[in-house]
2 protein chains.
Amino acid sequence: MTDIPSNHPRYHSLLLRERLIEGLHRGLASEAGLLAHGRGEAFDYLLGERTQPFATEAIEVTSALLLTAKHPVFSVNGSAAALAGREIADLVAGHDRLLIEVNLFHHTPERSRRIADYLRALGVPRVLESVSDDSVPLPSIQHARKHMHREGIASADVVVVALEDGDRCQALVEAGKQVIAIDLNPLSRTARLAQVTIVDEITRALHVLKVAMAADRKRAHEELSGRLARYNNEAVLQRAVAAIRSGL
Amino acid sequence: MTDIPSNHPRYHSLLLRERLIEGLHRGLASEAGLLAHGRGEAFDYLLGERTQPFATEAIEVTSALLLTAKHPVFSVNGSAAALAGREIADLVAGHDRLLIEVNLFHHTPERSRRIADYLRALGVPRVLESVSDDSVPLPSIQHARKHMHREGIASADVVVVALEDGDRCQALVEAGKQVIAIDLNPLSRTARLAQVTIVDEITRALHVLKVAMAADRKRAHEELSGRLARYNNEAVLQRAVAAIRSGL
């Protein structure tokens, strides 16, 4: 797939670009996804391309939320699938109550099905699609992304969104969901509207999350709930902005 | 071409995205160009999506350089052509000594020819291509982008590069050219290596440059040379970084 030498200083970043371009060629990702990824790259570059302490803190709270949730769902779009399909499959392998639902900004039935099939091929046992005969609408947003699968996001208490637009994030919060966003721009509407914002590159964040969840599975629910109660997302975002500022 | 309402707060930014995606479909721009544009968008967003005073200062020096140069050449790649083909044609219409040369990172003869034809169709009378029978190599860099047209960049004293990679910028400077870079990331190698760096979005920068050149055409060469002598690119870059920091 790649001829990037693995000791190249920007190996991981270049590999992600290849994954996304390959995802575009396979009909998983969109051109808008390439532009959005470039924006994320700029923020990641200013963050030193590593998982920062404020991201680790948000990831630990995410671990607690996913382990204590009644019905957690990960909303996956084309870019997330192309970039982090393997990491999503790994996460589900370690926590089989986490459901995957495909939800697209630029929806076509073919693209949704291709992404679902791609995730199944990577080992995710059950992948829902937002647009289906079992859809219910999320109020106040337009387009195909308003759909929720009745057994998925519609009945979820905790929803993870990655690389998501602000309108949908807001609508999910207003619908009473606890929303965890993975977003490299701490100033974005999504980052500011979510209850928990992981300001980190998605594949790195999901790897750290998987490790955190493996350790947290042994902890009592009270301990995990205490972690949630102490968490302050606004402070996390402020630290992310400060880190970018000092990266300049 | 577009259904973005012109009073949309991000109209210009969305229009540029459309131009670039259309450029990809026409075979002018590359997928890597979409990623790079996304990175630029993030910096432009932090700069408030407007031409800042440090950019205006660099543009005024660029005007002086282009008007006093013996043989100025604008090196145009696929993204620059797709995003700013019209603005490039406008600039040449006002300063016919400025030659246009197509130079591509991801070169194919077909893409190079398509870009040259596209610029000609927009009214640029003479468009050279770096890879041709009249090519000479630029030392120390690899790939097709090392080529320079004998009558173009090879014999130029002043070269404008837009959205350029650091290696080629460095090689041009080492070859004794005065290099003017248009680059939204003031920390990039290109931005730091060029003698004059315009930290601004390309279409805005070229519009301001055209206006500056129209006014400067009446000025004495001594006045323009004085402007060059007083210019400090490092200070301009520091102001750009400070502006991004305060945009956070």
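Here are three short exercises, with solutions, on how chain A and chain B meet in this predicted model.

**Exercise 1.** Find how many residues of each chain are in contact, and which residues of chain A supply the most buried area.

*Solution.* Start with the contacts: 25 residues of chain A touch 25 residues of chain B. Next, take the area: the two chains bury about 2100 Å² between them, and 70% of this lies on carbon and sulfur atoms. Now look for the main contributors on chain A: A:Glu31, A:Leu35 and A:Leu248 supply 32% of the area that chain A buries against chain B, more than any other three residues.

**Exercise 2.** Describe the polar links across the interface, then the side of chain A that touches chain B.

*Solution.* Begin with charges: there are two salt bridges between chain A and chain B. In a salt bridge between A:Arg39 and B:Glu41, the side chains come to 2.5 Å, N to O. Then count polar contacts: nine residue pairs make them across the interface. Helix H1 (11-25), helix H2 (31-46) and helix H10 (233-247) of chain A each supply at least two residues of the side facing chain B. The largest share, 12 residues, comes from H2(A). Finally, sort that side by residue type: 14 are nonpolar, six polar and five charged.

**Exercise 3.** Work out what relation links chain A to chain B.

*Solution.* Superpose the chains: a rotation of 180 degrees with 0.0 Å of shift along its axis brings chain A onto chain B, with an RMSD of 0.0 Å. That is the relation of a two-fold axis. As a last step, compare the two sides: 100% of the interface residues of chain A are also interface residues in chain B, so the copies meet through the same surface.

Note on methods
Residues numbered from 1 in each chain as written. Chains lettered and ligands numbered in written order. Predicted model: local features only at pLDDT ≥ 70, side-chain atom pairs only at ≥ 80, totals over all residues. Heavy atoms only, no water. Contact = heavy atoms within 4.5 Å. Buried area = accessible area lost by both parts, 1.4 Å probe. Salt bridge = Lys/Arg side-chain N within 4 Å of Asp/Glu carboxyl O. Polar contact = N/O pair within 3.5 Å; in protein donor to acceptor, adjacent residues only side chain to side chain. Helix = DSSP H or I, 4+ residues; strand = E, 2+ residues; numbered from the N terminus. Nonpolar A, V, L, I, M, F, W, Y, C, P; charged D, E, K, R; others polar. Least-squares fit on C-alpha atoms with pLDDT ≥ 70 in both.
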